[in-house]
Amino acid sequence: MTVIFIVLTIVVILLTAAAFLEVTTEAPVTSRATSAVQEVEVDEEEAEPEPSPVYFATMTHLEGGWTQALQSEFFFDKQASYLRQAYDYAEQYDAVITIESEIPMAEAMIKWDDNLLQEALDRGQGVGTHCDIDPRTTFSTQEIIAEFVARKEAVDALVDPSENLGCAGGGGPSDWYLGAVGAGFTYLDGIVGFHYLAIPVADRPEGWDNRSILQEYYHYAAPADDSRFYPVFVSEVGFEEDATGDLLISAGDIGAIQSIAELDGIEGWEGECDGPCEFTRQDVDVLVKRIKTLVEGRDESRIMKLQVYIATQYYDDPDMEYFFSEMQKLQEEGVIQWASQKQVYEALTAS
Ligand SMILES: [Zn+2]
């Protein structure tokens, strides 16, 4: 009996000791593991800064040729209905679109007492000026400034000038940098082939002489390479980055919404279609793929800007709602962030 009792006692003591050892030996292992995980997390934070945002903007232009807007209230009201449809979709799908106006529609808004630009701002959208300056005329510095000023003043008459900081277009053989800055603009969007006319041929894409630009490449996205997806400041005419420059080249063009599928979202305007391309859901699907490819391959250290051009009449197309809903998905997935042209400029000045 005694022997059995002693043996049992020893067994109990050994089991207790084993259990105790297990606890005491496990404890440091656990804490080492935890601290190792914490170290890894700290290292990751140090090695990978937050990727820069990818902004997605639109351009919609109220054209310089629309002089009938001042004669025909019917024409004006038709355009107004397209824009209000656009504002409705943008509100419904958390988008921020930008409307940029030339002189005729700006004056018509006053004549017909219907301020579509202020309404855009009131509804959370962006505005700006559109500069359809004659790309076949070479203006002196004073003249090119006056060209930009006339268009800026027409829009400043409708909204607070602090909302009207940029112009879409303005390219041609004249010094569009001096013209834009001289008129008080701080950014240009809608940069196209026309802008290369002011740049030496040696600094243009292969084959882009004056003649071929005016005949074919005039509306091609510029800068012609992928550098256009990263807005840069410049201090003279051209696309040479100068961080101390006072004009933002805010390009980012993927294309006109109705021709994205036809051109596979790469470049060009509507040359591939016989007449205007037809807008379909396929354009939106190709756009989504193109955006994802561009975003995946991007330089995360720089702010990226992507944009599409939407002519007013396409807002009336039944498939336009599909565009807004697909872009909303991309925004919710964190692929893009909607921004007005002015918000893109503000983000670049803040960084
Ligand atoms: Zn235009």
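1. Let's start with a pair of helices: α3 and α5 cross in a left-handed sense. This is a predicted model, and in it the axes of α3 (residues 103-111) and α5 (residues 141-156) come within 9 Å, crossing at roughly 25°. Angles under 35 degrees count as roughly parallel, so that is the label for α3 and α5. If you want to look at where they touch, Ile103, Ala106 and Glu107 are the α3 residues that meet Ala150, Arg151, Ala154 and Val155 of α5.

2. Now step back to the whole chain. The protein has 351 residues, and 41% of them are buried. Its secondary structure adds up to 10 helices and 10 strands. Take the contacts with a separation of 6 or more: 73% of them join residues 24 or more positions apart.

3. A word on confidence before you zoom in. The average pLDDT is 88, and 84% of the residues reach at least 70. Residues 10-40 are the stretch to treat with care: pLDDT stays under 50 there, and the model gives this stretch zero contacts beyond four places in sequence. Where pLDDT is low, the coordinates shouldn't be read in detail.

4. Next, the inside. The largest nonpolar core has 92 residues, and the members touching the most others are Phe56, Ala180 and Ile257. Helix α2 (residues 73-92) supplies the largest share of this core, with seven residues. Ala180 is a handy place to centre your view: setting aside neighbours within four places in sequence, Ala180 is in contact with Phe148, Cys167, Gly170, Phe185, Leu188 and Leu247. As a rule, nonpolar side chains in soluble globular proteins tend to be buried together.

5. Helix α2 also holds Glu73. Is Glu73 buried or partly exposed? Glu73 has 14 C-beta neighbours inside 10 Å, so it counts as partly exposed. Have a look across to Lys111 as well: Glu73 and Lys111 sit 38 residues apart in sequence, yet their C-alpha atoms are 9.3 Å apart.

6. Last stop, a loop. Asp242 lies between β6 (232-234) and β7 (247-249). Asp242 counts as partly exposed because it has 13 C-beta neighbours inside 10 Å. Which residues does Asp242 contact, leaving aside its neighbours within four places in sequence? They are Phe233, Val234 and Ser235. Val232 is worth picking out too: it is 10 residues from Asp242 in sequence and 7.5 Å away in space, C-alpha to C-alpha.

Technical notes: Residues numbered from 1 in each chain as written. Predicted model: local features only at pLDDT ≥ 70, side-chain atom pairs only at ≥ 80, totals over all residues. pLDDT = per-residue confidence, 0-100. Contact = placed C-beta atoms within 7 Å. Core = buried A, V, L, I, M, F, W, Y, C linked by C-beta atoms within 7 Å. Buried ≥ 20, exposed ≤ 12 C-beta atoms within 10 Å, placed from the backbone. Helix = DSSP H or I, 4+ residues; strand = E, 2+ residues; numbered from the N terminus. Axes fitted to C-alpha atoms, helices over the stretch in contact; angles between N-to-C directions. Parallel < 35°, antiparallel > 145°, perpendicular 65-115°, else oblique. Left-handed = near helix turned anticlockwise from the far one by under 90°.
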